[in-house]
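Reader: Could you take me through one helix pair up close, and then show me what surrounds it? I'd like the cut-offs spelled out as you go.

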Amino acid sequence: MQSDITVRTTRRSMLKAGGTLIAAAALPRFARAANEPPLGTWPAGSSGSSVFIGITVPLTGTYADSGEDELKGYKLAVEHLNSGDPVIKMISPKTTKGVLGKEVKYGVADSEAKPNSAVQAQSRFIADNKAILMTGSTSSAVAVALNKLAQREKVLYVAGVSGSNDTTGKDCVRYGFRQSFYGQTAAAAIGPLLLKQFGKNKKAAYLTPDYTYGHTVQKSVEDYLAKNGGWTTATNQVAPLGAPDYSSYLLNVANSGADFLLNINWGHDAVLSTQQAEQFGIFNKMKLIIPYQTPFIAKQVGPKITAGVYAATDFWWTLEDRYPVAKAFVAAFQKAYGYKPEWGANNAYMQFAMWADACEHAGTFYPPAVIKAYEAGRHIDSTVGEVYWRAADHQLVRPVIIVRGKAPSAMKTPDDYWEVLEVVPGAPLMQAPDAFGCHLGEYT
Amino acid sequence: MITWPNFVSQLFNGLASGALLALISSGLTIIYGTLGVLNLAHGAMFMLGGYAGYVAYHATGSFTIAVIVGAAFLIVVGGLLELVVVRHFYSRPPEDQLLVTFGIGIVIVELVRLGFGSLSKTVLPPSWAMGVTPMGFLIYPTYRIVVTVIAAAALAVLYLVLYRTRLGMIVRAGIEDSGMVGMLGINVYRVFMVVFGIGAMAAGFAGIINAPVVSLTPDMGDSILVETFVVVVIGGVGSFPGAILGGLISGEILSLTSMIDPAYSEVMLFAVMTLVLMLRPQGLLGMPSRE
């Protein structure tokens, strides 16, 4: 039997249907809340009026200078988040005050650039303070260790400075994110320039720190130059972190017959080994190249040594001429601390700003939701132009900056050590996401 | 990379770094031999000497004055530390002495960091000692040669003080039996204070003359402390000639192993120390312990 009832669309029924639809649309949200069992420090860490971040940076040891710079970047970011500063809103436009309306608090511990110390301190922050985010490292050994802690404890970790391919390669995790450039992108960015400037079939000597950062960066650079330019390796001098004297390594370099010295050392190790190479007269017969620049190197060894030296870096303050976010950040940092930020500080500031952005987009601190907000691949305005996160390995797709040291006579201000030669776009520099064996792991 | 030029270079480099290690270690061994205190703040003394020299150098522009001021400062600091802190620990167990000197070291390092920051500081060598000196097929920084000569001269002076003066005689007697020296009517505490000052000065002096070779950071004493400890164990704890021999041996081990594979140089140093401890527990030139 056919119904003869004609359904009329009335205003009332429209409203009813609309209401049901809205309720249905809202349903997944409530349903999700029901499906969000406690995970890591969630929801305990964000149930109050504030949230806590655990920061572990080296405040002692060979990386202390960069650790302090990095810490300043974190502090400025927290200050800007809590006050809703216009600078941080350029990166995280949804930010009002705090993150999701909650004040950001933090604790700082000295990692000594040692994985054990960092893991212990962060474990305390998780247990005692219910930290919902961990950060800090200027050593990839620390970054890799905190990656693993993050995945185990289900608490997010945004890496500080970390140059090893492994951080978002074989040791990548679902709960870890890296902003900075790394061995592979450094090599692919500076390699073409070196071959263009110096030609093919040269002999290189390497000074390499003996841990994951040194080994992966050295290999990436060596492979690139060998494959594309026929460069050979005269010697690779591997030194422990914090070596007190480089004389015996440098004698091996001096007697190697190399044309170039590629110094991969970082922190004070880079400063000391470069100064001592100068003392040994090595730069009279070979040219210095810095494939992965350490902050403050030119300031500490002096611009006479870095003049004409090519280096790959993450950020240099004169990028303020190209990017409005960089201009605003450099001005704010200079006002707060009285000097131009180095790239460790920039990395720190960007990591917090992008974390805030991910939380604001997720609308919750529930870690899997925040991770998915990162993985959405949203384009973000940064201090080095537009960037986005690669979902497959949690590496930020961002350019590598190629700089050349200025001679003292060419420096316009006391901080004007480097000239930006190129901003090399990031995506073509990167390996396939699984090329270094990255398997991100589970959300829950 | 074993070639003749590299072998000769490394042999010479071992001698140069060994001489400096010997000088620093001599301070550690004199203090231990006389006072029975293993001064774990010795690395901090080395660093403090460098910074004292840095301050004097920037105030006067003279490297010579920097060396004198730095050395004088360290003898005062050493003497004061003995008087104010270390003296009260002679009758305490060795672990208390280790802890208190370790603590002093941390306090000094952090005070320097507070005052100077973590960015490294540079002291330039005197202008006449800049550049490199060609020595046949070996090119070596001129100032490092100067450091070696100064370190050797300083060790010679220390030797004369210890073996040719009345103070030295008392110190050596104190190493043998400080109780008996006290019974002979000598003010042992005053001698101890002077010895602690001289020991600190040896490290501080090495810190200043080494300042142009390295750039100064508050943490620079940490690794040196470990190396000097190894030197003293190899040479014989409490033995001044042992510190010199141990320093030279350690310098050569570090340098010559680096020639083959730098990654193993520190390992080799500890391996040799272990070997010495197994075959001759008192060290190469040390006397068997009376305890």
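Author: Here is the helix pair, followed by its chain and the partner chain.

This is a predicted model, where local features need pLDDT of at least 70, side-chain atom pairs count only at pLDDT 80 or more, and totals for chains, interfaces and linings use all residues. Residues are numbered from 1 along each chain as its sequence is written, while chains are lettered from A and ligands numbered from 1 in the order in which they are written.

The pair is α2 (residues 42-60) and α3 (residues 63-84) of chain B, packed at an angle of about 135° with axes 8 Å apart. Helices here are DSSP runs of H or I with at least four residues, strands are runs of E with at least two, and both are numbered from the N terminus. Axes are lines fitted to C-alpha atoms, for helices over the stretch in contact, and angles run from 0 to 180 degrees between N-to-C directions. So α2(B) and α3(B) count as oblique to each other; under 35 degrees would be roughly parallel, over 145 roughly antiparallel, 65 to 115 roughly perpendicular, and the rest is oblique.

Now for who meets whom, with contact meaning C-beta atoms, placed from the backbone, within 7 Å. On the α2(B) side you'll find Met45(B), Leu48(B), Gly49(B) and Ala52(B), among others, and they face a set in α3(B) including Phe63(B), Ile65(B), Phe73(B) and Leu74(B). By class, the residues of this contact split into 13 nonpolar, five polar and no charged. For that count, Ala, Val, Leu, Ile, Met, Phe, Trp, Tyr, Cys and Pro are nonpolar, Asp, Glu, Lys and Arg are charged, and the others, Gly among them, are polar.

Zooming out, chain B has ten helices and two strands, running α-α-α-α-β-β-α-α-α-α-α-α from the N terminus. Its C-alpha trace spans about 60 × 50 × 35 Å along the principal axes. Of the contacts in chain B with a separation of 6 or more, 76% link residues 24 or more positions apart.

Then there's the neighbour: chain A has 14 helices and 15 strands, and its C-alpha atoms fill a box of roughly 100 × 50 × 40 Å along the principal axes. Where the chains touch, 31 residues of chain A are in contact with 29 residues of chain B. On chain A's side, α8(A) gives the largest share, six residues. That side of chain A comes out as twelve nonpolar, 15 polar and four charged.

Note on methods: Two residues are in contact if their C-beta atoms, placed from the backbone, lie within 7 Å.
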